[in-house]
Amino acid sequence: MKPTIMILGSGHLANPGADAYNFKMDDVLAPKRQSEIEQLVTLLKPFRPTKIALEADERFMSEINANYQGYLEGTYELKRGEGDQIGFRLAKQMEHQKLYGVDYWPKHNPFFPEDFDSDLTDADKFAKEHNQEHLLSSIEDYYPDGDVEFHEEEDGRVWIVPVKYESLIDMYIRGNEPEGRRADHQLYLRGARIGLSDQYPGANWLVHRWYARNLKIFVNLTRITESEEDRILLIIGGGHVFLVQQFLEDSGDYIVESPLKYLKTEDSN
């Protein structure tokens, strides 16, 4: 028997705007969204998680778990983030004492040692200077049906704004379909080709930033696995799902369950 992990790929419900491409979520504290979140948690409960892991660095978990204890005691009001809205609610229903952080963010430079030349990973700059912009990933290719609009800010961040209402359950089903997760990963791989001769800014970015972070998330999951009976629910940004799942499956140490098994009901589209 092996421990089981289920990865729930999620948009960032609080709209932190921390990514290059950010899906714009309407207010999840609105009554209709709150009802949908309660339904989502009800659907996930039969997975019977023994631990719930969040996209948070371990050094932030003291504060997060203090908030969780406040939530259990009725003194903390849930914020908009998926960790609060989904993680806290489900952990309470499962009578968990705490949640776990498995993300990796170094204390100083977010990704590199002090002597690493970050220009070696600036694929966008290199592409624009060397006529390789056609190799840059295009988020528009990810939404070919015209269901969203794209709003770019002065700092280059792009907000993906849906043009019609989508229920939260349907949103999570769409966000966890294998085809979408593979297409998401292919966007990252496309940019890896940027570079010339002995210069590999695209590959450097992918290796030193993206692959390294996701590999450490996998390692952190192994560190919180304590027995074959563990059933771990990981709530994490959808872009991480493909690689983390691949690492888990390739390790041969885990059973990986799909959340679609629990999310797809007769009421879902």
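This passage walks through a predicted model, taking in some strands, a helix, a pocket and a few loop residues.

A good place to start is strand β3, which covers residues 51–57. This strand is mostly covered, with six of its seven residues buried. It has pairing partners too. One is strand β7 (residues 231–237), which runs parallel to β3 and is joined to it by four bridges. Within that pairing, Lys-51 has Ile-232 of β7 as its bridge partner. Another is strand β4 (residues 100–103), and here β3 pairs in the parallel sense over three bridges. In this case Asp-57 is matched with Asp-103 of β4.

Strand β1 is home to Ser-10. Is Ser-10 buried or exposed? Its relative accessibility is just 4%, and anything under 20% counts as buried, so Ser-10 is buried. Its side chain has a polar partner: a contact of 2.6 Å links it to the side chain of Tyr-172. Setting aside residues up to four places away in sequence, Ser-10 touches Tyr-172 along with Glu-82, Ile-235, Ile-236, Gly-237 and Gly-238. Of these, Ile-235, Ile-236 and Gly-237 fall inside the 231–237 span of β7.

Helix α1, made of residues 31–44, holds Gln-34. With a relative accessibility of 16%, Gln-34 also falls under the 20% cut-off, so this residue counts as buried. What does the side chain of Gln-34 find for a polar atom to sit beside? The backbone oxygen of Val-28 lies 2.7 Å from one of its polar atoms. Val-28 also turns up among the contacts of Gln-34, together with Leu-29, Gln-85 and Arg-89, once neighbours within four places in sequence are left aside.

Next comes helix α8, residues 241–251. Its buried residues are Val-241, Phe-242, Leu-243, Val-244, Phe-247 and Leu-248. A bit of helix geometry helps in reading that list. An α-helix has 3.6 residues a turn, so residues three or four places apart point the same way. In α8, Val-244 and Leu-248 are both on the buried list, and so are Leu-243 and Phe-247. What do the buried residues of α8 pack against? They pack against strands β1 (4–10), β7 and β8, and against helices α6 and α7 (201–224). After α8 comes Gly-252, which has a positive phi, near 75°.

Helix α8 also helps to form the second largest pocket, which holds about 320 Å³ of space. Fifteen residues line this pocket, and the closest to its centre are Pro-178, Arg-181, Val-241, Gln-245 and Glu-249. Which element gives the largest share of the lining? That is α8, with five residues. Helix α6 (178–191) and strand β8 (255–257) are in on it as well, since each of these elements, like α8, supplies at least two lining residues. By class, the lining is a mix of seven nonpolar, four polar and four charged residues. Val-241 appears in both parts of the story: it is one of the buried residues of α8, and it is also among the residues closest to the centre of the pocket.

The loops have a few points of interest too. Between α6 and α7 sits Ser-197, and its phi is positive, near 55°, even though it is a residue other than glycine. Ser-197 has a relative accessibility of 65%, and the bar for exposed is over 50%, so this residue counts as exposed. Asn-131 tells a similar tale in the loop between α4 and β5. Asn-131 is not a glycine either, yet it has a positive phi of about 55°. Its relative accessible area is 68%, which is over 50%, so Asn-131 is exposed.

Each of these loops holds another residue worth a look. Ala-192 is in the loop between α6 and α7, where it touches Gly-202, Ala-203 and Leu-206, not counting residues up to four places away in sequence. Leu-136 is 56 residues from Ala-192 along the chain, but their C-alpha atoms are separated by 8.9 Å. Ser-138 belongs to the loop between α4 (123–129) and β5 (148–152). At 23% relative accessibility it lands between the 20% and 50% marks, so Ser-138 counts as partly exposed. Ser-138 and Pro-201 are 63 residues apart in sequence, and from C-alpha to C-alpha they are 17 Å apart in space.

Technical notes: Residues are numbered from 1 along each chain as its sequence is written. This is a predicted model: local features need pLDDT of at least 70, side-chain atom pairs count only at pLDDT 80 or more; totals for chains, interfaces and linings use all residues. Side-chain values use heavy atoms; hydrogens and water are left out. On a 1 Å grid over the protein atoms alone, a cavity is a set of points where a 1.4 Å probe fits but cannot get out, and a pocket is an open set with protein on both sides within 12 Å along at least five of seven lines; lining residues have an atom within 4 Å of a point. Grid points are joined across faces, edges and corners, and a volume is the space filled by probe spheres set on the points. Ala, Val, Leu, Ile, Met, Phe, Trp, Tyr, Cys and Pro count as nonpolar, Asp, Glu, Lys and Arg as charged, and the others, Gly among them, as polar. Buried means under 20% relative accessible area, exposed over 50%, partly exposed in between (1.4 Å probe, protein chains only). Two strands pair if DSSP finds at least two bridges between them. A polar contact is a pair of N or O atoms within 3.5 Å; within protein, one must be able to donate a hydrogen and the other to accept it, and residues adjacent in sequence count only if both atoms are side-chain atoms. Contact means heavy atoms within 4.5 Å.
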